[in-house]
Amino acid sequence: MKQTQLLKGVLEGCVLAIIGRQESYGYELMQALHDYGFTSIVGGTLYPLLAKLEKQGDVTGVMKASPEGPDRKYFTLTTQGQASLAEFQAQWAQIGAQVAAVMEGHDHD
Amino acid sequence: MTKDNDEAALERALERLTAGDRRWFAQVTLYMRLCGWVRDTAAVTGQLTAMAQDLADAERGGQDATAYFGNSPRQMAQEILSQLPLIGWPVRLKLFVGLAGFSWLLLLLAAASTGAEMQLSAFQLLVLLGCLGLGEAGVMRSFAEMAYAQTLWRPLLGFAVSVVLCGGAAGLTLRWAPAWAAVTVPTPWDYWVIGVSVLAIVIGLTQLAGVRLRRLLDPNVGLIVLLLGAALLRRYWLNTGTEMTQGQAIWILAGFGGGTLAYIGWQLLNVVRAHRLSHE
């Protein structure tokens with residue numbers, strides 16, 4: 001199975017989790033994803049995802065002055081976004097446990 | 001933020017980029033603006049500004065636009081546009097009025113040239129509106145494709161096909177479609193209808209050009225005045241039972257023919273200008 005297919009299912013939750021820790025702008029989010037090992041993620045994947053999250057109401061984007069000077073678009077989690085993140089975390093824990101059980105059974109076989 | 005402030009913020013963000021990345025971004029901007037003509041302008045500009053600012057940060061980190069955004073900018077633009085809000089109702093209304101005005105113009109031209117009394121059909125007007133709406137969507141898509149076209153022939157072909165299909169459908173409608181829900185306009189009210197229509201369409205299109213087509217000068221106003229002037233003359237001859245003299249024919253041919261050639265030339269110039277903008 002290609003990594004991209006697995007990635008599509010989890011990237012949204014990961015982005016919500018990173019924004020949930022602190023408000024972030026696009027480049028900062030990209031750096032964070034790369035630091036966590038998602039090195040294949042490019043802007044062509046991230047920016048449509050951010051637009052989708054904003055449209056869904058999970059995040060809000062606000063232009064703010066940055067320490068370096070130019071305004072940047074910072075994303076913060078909304079209440080709905082926090083609920084979406086909690087739901088993702090619960091689903092991930094459940095699926096993770098189920099996959100681990102299958103793999104453990106496969107190893108025993 | 002006002003529209004001018006939004007554009008100024010985008011310009012400032014673009015100035016921070018390298019020359020190569022500015023060219024890359026100009027293509028994305030052109031594509032998103034033309035493909036996203038039904039999307040809220042402020043949302044499109046805001047999205048582009050945020051991306052340009054992040055790209056400036058990526059450049060400081062040693063990346064260029066392709067490394068940062070990937071190798072599929074068109075797909076990225078399409079996916080972003082699909083998430084942005086649509087234009088508001090006031091702008092939708094202006095666009096609709098513009099299309100309706102042009103449909104009315106075509107209906108008027110056809111009706112003014114036939115019959116002792118002018119007949120205007122609501123059914124034909126609605127069909128024309130549909131044809132022109134589809135034609136405009138096709139034309140805007142062709143212009144958007146120029147952003148990434150290495151040669152002009154494919155987008156020009158798309159433009160020509162949209163115009164021919166739309167124009168052909170409009171012509172067939174006016175020639176063959178049934179004149180259901182028609183209103184007959186007797187003399188001298190037909191002159192008033194044509195005259196008031198000229199004023200209304202010119203004022204309406206000038207407003208629309210100010211909103212949506214500011215960067216590409218719109219010669220449609222001149223073309224409309226020419227066409228409705230011809231309609232007025234045709235109506236006069238039909239009403240008075242007279243025919244055009246040779247001298248009148250020469251003047252009309254020179255004016256109308258020259259005006260039409262100028263219109264086509266101006267539109268082609270806009271196409272070339274848009275292509276140059278995307279490849280600067």
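Arg33(B) counts as partly exposed, at 24% relative accessibility. In this talk, buried stands for a relative accessible area under 20%, exposed for over 50%, and partly exposed for what lies in between, with a 1.4 Å probe and protein chains only. The model is a predicted one, in which local features need pLDDT of at least 70 and side-chain atom pairs count only at pLDDT 80 or more, while totals for chains, interfaces and linings use all residues. Residues are numbered from 1 along each chain as its sequence is written, chains are lettered from A and ligands numbered from 1 in the order in which they are written, and side-chain values use heavy atoms, with hydrogens and water left out.

What does Arg33(B) form a salt bridge with? The partner is Glu7(B), and the closest N and O atoms are 3.1 Å apart. This pair ties together distant parts of the chain, since Glu7(B) belongs to helix α1 (residues 3–15) of chain B and Arg33(B) to helix α2 of chain B, 26 residues apart. Glu7(B), in contrast to its partner, is buried, at 14% relative accessibility. Two terms need their criteria here. A salt bridge is a side-chain nitrogen of Lys or Arg within 4 Å of a carboxyl oxygen of Asp or Glu. Helices (H or I, at least four residues) and strands (E, at least two) are DSSP runs, numbered from the N terminus.

Over all chains, the structure contains eight salt bridges. One of them lies in chain A, where the side chains of Glu12(A) and Lys52(A) meet at 3.0 Å, N to O. Here too, distant parts of the chain are linked: Glu12(A) sits in helix α1 (residues 3–21) of chain A and Lys52(A) in helix α3 of chain A, 40 residues apart. Glu12(A) is partly exposed, with a relative accessible area of 24%, and Lys52(A) is partly exposed as well, at 30%.

I turn next to Asp57(B). This residue forms a salt bridge with Arg60(B), with 2.3 Å between the closest N and O atoms. Both residues lie in helix α3 of chain B, three residues apart, or about one turn of the helix. Is each of them buried or exposed? Asp57(B) is buried, at 6% relative accessibility, whereas Arg60(B) is exposed, at 58%. Shared partners join Arg72(A), Asp57(B) and Arg60(B) into one network of salt bridges. The link across the chains is the salt bridge between the side chains of Arg72(A) and Asp57(B), at 2.8 Å, N to O.

That brings me to the interface itself. The size of an interface is often given as the accessible area lost when the parts come together. Accordingly, buried area here is the accessible area (1.4 Å probe) that two parts lose on being put together, summed over both. Chain A and chain B bury about 1600 Å² between them, and 57% of it is on carbon and sulfur atoms. Tyr27(A), Tyr47(A) and Pro48(A) supply 35% of the area that chain A buries against chain B, more than any other three residues. In terms of contact, which means heavy atoms within 4.5 Å, 17 residues of chain A touch 20 residues of chain B.

The count between chain A and chain B is one salt bridge. On the side of chain A that touches chain B, α2 (26–35), α3 and β3 (71–77) of chain A each supply at least two residues. Helix α3(A) gives the most to that side, with seven residues.

Finally, consider what chain B brings to α3 of chain A. In helix α5 (residues 73–83) of chain B, the buried residues are Pro73(B), Met76(B), Ala77(B), Ile80(B), Leu81(B) and Gln83(B). Why do they line one face of the helix? Seen down the axis of α5(B), they fall within an arc of 155°, so they line one face; the arc is that of the directions from the helix axis to the C-beta atoms. These buried residues pack against α3 (43–56) of chain A, together with α2 (19–35), α3 (41–60) and α4 (65–69) of chain B.

Within this helix, Gln83(B) has a relative accessibility of 19% and counts as buried. Leaving aside neighbours within four places in sequence, Gln83(B) is in contact with Pro48(A), Ala51(A), Lys52(A) and Lys55(A). Two of these names have come up before: Pro48(A) among the residues supplying 35% of the area that chain A buries against chain B, and Lys52(A) as the salt-bridge partner of Glu12(A).
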